[in-house]
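Colleague: Please take one element of this model and examine it closely, strand pairing included. I should also like to see its surroundings, with some other regions for comparison.

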Amino acid sequence: MFTNREELIQARNRYRLSYEAEKRRVVVCCGTGCVSCGSLEIFDKLKDLMEKNGIDCAVELQEDPHPDTIGMKKSGCHGFCEMAPLVRIDPEGYLYTKVKLEDCEEIVNKTILGGECVDRLAIKQDGKVYRTHDEVPFFSKQTRVVFDYCDRVNATSVEEYLAVGGYQALEKVLFDMTPEQIVEEITESNLRGRGGAGFQAGKKWSQVARQKDPEKYVVCNGDEGDPGAFMDRSIMEDEPHRMIEGMMVAARACGASEGYIYVRAEYPVAVARLNLAIKQATELGLLGDNILGTDFSFHLHINRGAGAFVCGEGSALTSSIEGKRGMPRTKPPRTVEHGLFDKPTVLNNVETYANVPLIIVNGAEWYKGIGPANSPGTKSFALTGNVRNTGLIEVPMGTTLREVIYDIGGGMRGENEFKAVQIGGPSGGCLTEEHMDLPLDFDSLKKAGAMIGSGGLVVMDSSTCMVEVARFFMNFTQNESCGKCVPCREGTKRMLAILERIVAGKGEDGDIELLLELADTISHTALCGLGKAAANPVVSTIKSFRDEYEAHIYDKHCPAGACRKLRHYTIDPTLCKGCTKCARNCPVGAIQGEIRKPHTIDPAKCIKCGACVDNCPFKAIKEG
Amino acid sequence: MSESFDFSVLDRILDEIGCEQKSTIAILQAVQEHYRYLPHEIFPYLSKRMGVSEAKIYGVATFYENFSLDPKGKYVIKVCDGTACHVRKSLDILERLRSDLGLSEDKVTTDDFMFTLETVSCLGACSLAPVVMVNDTVHPTMTPDKVSALIRELREAK
């Protein structure tokens, strides 16, 4: 337990020396992706083999340097989930991908004992072998600042967080800065909220700091509900201490002594890791009363969500922490004045807090050196969909879509061409080929009719139907509408009904205009951000893909061939052998024909279920 | 109030978490972890002990998607239909599971209470899409055939 500054500094130095002294470090990625591909078994196997071979290895960081020890680390997510499971070996920095249990012996013999690279496990791209982590294009094109150490240390060890410089920001704000200076530094850095809206964090903090009420709260929004986004999950699971440290800086700046972290129910590992981190920090005296012998006290609580997307909205979130239905309320008063338990509250998102210690330690000037002046710093994105390298990436704000998709993402997966990127989840919009060179930052995207949102990037290829995508998002928002205000509750229902009609081939003339009119009304009159942004995916797809809507409505045709109800099934008589399998599997008896002679489908009876296609042994049934 | 219902479980939970209104969600989560759903008997009892109206507690239970007032199966299967899974054809997986288990949109639990089938908006495992979660385990890059095999495995494991 640290009772003063000196003890913390000494411990940090001790752990740093011990970490650096390790002869070799075997880092096995234990993020959700790698674990579900068997990385825990690989970790055990490697450890087992080393122990059998009499190699000195340690899972925990030792108090004193042991230069002959091999450190074994279960790390957080490296981000390259496509190639899971990943094993990294330092100090060489070798990166092995898609590691199997059978590979472990060779890794131990060749790399751990001999320091040599197992080339067949390294990444190969365009005929070149990329042996080390830093050479791999997926990583070399990124700027990993928030995620800088999570692929090198044990994600559940506070000692290793200290070894890489942890809790330096806490130390600095407690001993070298006044609360006013902290707010000034954050304001000067122009850190903007990573939750979606991009509001200046410094401005928010200064508004809370100004409040007279002696009781204030610091709340972290970890209700990452956007489908297709998992950046915050990774921070909570892999760098919980960095986020907690950020919250403590905010508490010191604003004069709060209680904090709440609201975590989505679907993230059980994040909850467990945060609980562990709080326990560790409390045991070390970094959380609790009179931290490091100062007058600063801070207590943290975790609240698990229970499955309501709307709780990502500020006032709904605080209401949920209070144990009520998570419904937004009218503003003003704003959360900074009357937030949690009606007290002044700093409410920021996970990634925003994780940026704070970096700014405090390195200074606002350093931070402003990354990315454009109006949106400085980096942004993490969850790169998913029909792209070759899916995973979690971190790039400077202002990076273009082309760099993200082609340089880091490795281009499209499969044969199909690029069609669009859905950014910002159910509140965002689509970006197309024409936006490829648009810098990704808060303001440029807003101008293009999209938003960064929390950072989900879903790449779609030509087999994706944009009308169906719009229907998908509207279905999501409609389900998640809390029902408090009429525009959102009824408006989204009507929009969804129209979209469902269109993809079912029952669209009518005037539907597009009606959708746009409803969208306009809902966005102007809904109570909270969820409703205001609900129509964004529809408006943005109509803007970029109006021809697809028209094809569905007027020609009853889905250009992408994705809408099942608009498909036509025909049997190619040259391929059909008349085996009768399709006719026997057709649930409505729409297929006729004599045995050993080509069959035919009656389009009037066909319900377009696709059972015949799945069952034809000769691939004679064509969809179109 | 039901005579046969064992309220000692609730007492234990309330003693541990506390009876304040702000703990409503945590209390209901603990109850659901124990029973795998929220039995209707708990509402009047919680109301009395917490000093919060029954309507308020019931309102919380029905607002949040994770709370269930109906008993669930031993294996809760969540098919992710988030954006990333959706564009990689998660609906085909859902359809296969429904047909394998004889379930539908309205009937989500099998008669033997072995399986409950749900969809979920995103599990945050998008780079492994499409995914299916069985209780707390994530199964990556699923296909209709892989889920059929998974169901067979779970049935045999019982």
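Modeller: The account below begins with one strand and its sheet, and then turns to other regions.

The model is a predicted one, in which local features require pLDDT of at least 70 and side-chain atom pairs count only at pLDDT 80 or more, while totals for chains, interfaces and linings use all residues. Residue numbers start from 1 along each chain as its sequence is written, and chains are lettered from A, with ligands numbered from 1, in the order in which they are written.

The element chosen is strand β14 of chain A, residues 418-423. (Strands are DSSP runs of E with at least two residues and helices are runs of H or I with at least four, both numbered from the N terminus.) Of the 6 residues of β14(A), 5 are buried, so this strand is largely enclosed by the rest of the structure. (Buried means that 20 or more other C-beta atoms lie within 10 Å of the residue's own, exposed that 12 or fewer do, and partly exposed is in between; C-beta atoms are placed from the backbone.)

β14(A) belongs to an open sheet of 5 strands with mixed pairing, and the order across it is β13-β12-β16-β14-β15 in chain A. (Strands pair if DSSP finds at least two bridges between them.) The edges are held by β13 (391-396) and β15 (429-432) of chain A, each of which pairs on one side only. From one strand to the next, the twist averages 30°. (Such angles run from 0 to 180 degrees between N-to-C directions, with axes fitted to C-alpha atoms, for helices over the stretch in contact.)

Which strands flank β14(A) in the order of the sheet? They are β16(A) and β15(A). With β16(A), β14(A) pairs in the antiparallel sense over 5 bridges. On that side, F418(A) has D461(A) as its bridge partner, and A420(A) has M460(A). Towards the edge, 4 bridges join β14(A) to β15(A), again running antiparallel. There A420(A) stands opposite T432(A), and A420(A) thus has a partner in β16(A) as well as in β15(A). β14(A) and β15(A) form a hairpin with 5 residues between the strands, in which G424(A) takes a positive phi near 85°.

The sheet is also packed against a helix. Helix α22 of chain A, residues 536-554, touches β14(A) and β15(A), and its direction makes about 30° with that of β15(A). (Residues are in contact if their C-beta atoms, placed from the backbone, lie within 7 Å.)

Two other strands of this sheet take part in the contact between the chains. That contact draws 40 residues from chain A and 32 residues from chain B. On the chain A side, β12 (378-385) and β16 (456-461) each supply at least two residues, as do α2 (32-36), α13 (314-321) and α18 (466-480).

Chain B offers a sheet for comparison. It is an open sheet of 4 strands in the order β2-β1-β3-β4, with mixed pairing. β2 (115-120) and β4 (137-139) of chain B stand at its edges with a single partner strand each, so one side of each has no neighbour in the sheet. Direction ignored, neighbouring strands here are turned by 25° against each other on average. β1(B) and β2(B) run parallel and are joined by 6 bridges, and F115(B) in β2(B) is the bridge partner of Y75(B). Helix α6 of chain B (residues 90-101) packs on this sheet, touching β1, β2 and β3 (132-134) of chain B, and its direction makes about 150° with that of β1(B).

Y75(B) lies in β1 of chain B, residues 75-80, and counts as partly exposed because it has 19 C-beta neighbours inside 10 Å. Beyond neighbours within four places in sequence, its contacts are M114(B), F115(B), V134(B), N135(B) and L154(B). Its C-alpha atom is 9.7 Å from that of T109(B), 34 residues apart along the chain.

Two helices complete the picture. In helix α4 of chain B (residues 54-63), the buried residues are I57(B), V60(B), A61(B) and F63(B), and their cover includes α2 (24-35) and α3 (42-50) of chain B. In chain A, C254(A) lies in helix α11 (residues 240-254) and is buried, with 25 other C-beta atoms within 10 Å. Residues up to four places away not counted, C254(A) touches W205(A), V208(A), A209(A), K216(A), V218(A) and V346(A). The C-alpha atoms of C254(A) and E180(A), 74 residues apart along the chain, are separated by 8.6 Å.
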